Amino acid sequence: NHHASFHIYDYLLLFGPAHLWWSFPFEHLIGIIQCIPINHKFGELENTMLLSYIKAARLCCWLAQPDCPPAIQEC
């Protein structure tokens, strides 16, 4: 906005180049998340995202184990 434009010089001195601290990627992600249909069932999306993260973390741990078959580790 107009007021923030007065502080761009100060922000550049304090934080360095704008690509290191600007928030557009986060705002874009929030826009994508807001477009996901949830059928007004609040809390389920967060649970689904958490469970997906846990499954991915467990898979990464299993792939790092020595007993994981080599054919699967290569995928």
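Trainee: Hi! Reading along the sequence, what pattern does the chain follow?
Mentor: Hello! The pattern is α-α-α-α-α. Keep in mind that this is a predicted model.

Trainee: Okay, and how many helices and strands is that?
Mentor: There are five helices and zero strands in the chain.

Trainee: Since it's predicted, what does the pLDDT average for the chain?
Mentor: The average is 82, and 97% of the residues score at least 70.

Trainee: Where is confidence lowest, and where is it highest?
Mentor: The low end is helix H1, residues 2-5, with a mean of 79. At the high end sits helix H4, residues 44-64, with 88.

Trainee: Let's talk shape. What is the radius of gyration of the chain?
Mentor: The chain has 21 Å, whereas a compact globule of 75 residues would be near 11 Å. The C-alpha trace spans about 60 × 35 × 15 Å along its principal axes.

Trainee: And what share of the residues is buried?
Mentor: Buried residues account for 1% of the 75 in the chain. Cys68 counts as buried, at 3% relative accessibility, because the cut-off for that label is under 20% relative accessible area.

Trainee: How much area does the chain expose?
Mentor: About 7,100 Å², with 69% of that supplied by carbon and sulfur atoms.

Trainee: You mentioned a cysteine. How many disulfides does the structure hold?
Mentor: Zero. Take Cys61, which is in no disulfide: its nearest cysteine sulfur belongs to Cys60 and lies 7.1 Å away. A disulfide needs the two sulfur atoms within 2.5 Å, so that pair does not qualify.

Trainee: Is Cys61 buried or partly exposed?
Mentor: Partly exposed, with a relative accessible area of 49%.

Trainee: Switching to the surface: which residues make the nonpolar patch?
Mentor: The members are Ile8, Tyr11, Leu12, Leu14, Phe15, Leu20, Trp21, Trp22 and Phe24. Together they make a patch of about 940 Å².

Trainee: Nice. Which helix gives the largest share of that patch?
Mentor: Helix H2, residues 8-15, contributes five residues, the largest share.

Trainee: And where does Trp21 sit?
Mentor: Trp21 lies in the loop between H2 and helix H3, which covers 24-34.

Trainee: What makes Trp21 eligible for a surface patch? What's its relative accessibility?
Mentor: Its relative accessibility is 33%, which counts as partly exposed. Patch residues need over 30% relative accessible area, so Trp21 passes that cut-off.

Key:
Residues numbered from 1 in each chain as written. Predicted model: local features only at pLDDT ≥ 70, side-chain atom pairs only at ≥ 80, totals over all residues. Heavy atoms only, no water. Helix = DSSP H or I, 4+ residues; strand = E, 2+ residues; numbered from the N terminus. Rg over C-alpha atoms; globule rule 2.2 N^0.38 Å. Buried < 20%, exposed > 50% of the residue type's maximum accessible area, 1.4 Å probe, protein only. Areas by Shrake-Rupley, 256 points an atom, 1.4 Å probe, with all protein chains shown as cover. pLDDT = per-residue confidence, 0-100. Patch = residues over 30% accessible without salt bridge, like charges linked within 9 Å, V, L, I, M, F, W, Y side chains within 5 Å. Salt bridge = Lys/Arg side-chain N within 4 Å of Asp/Glu carboxyl O.
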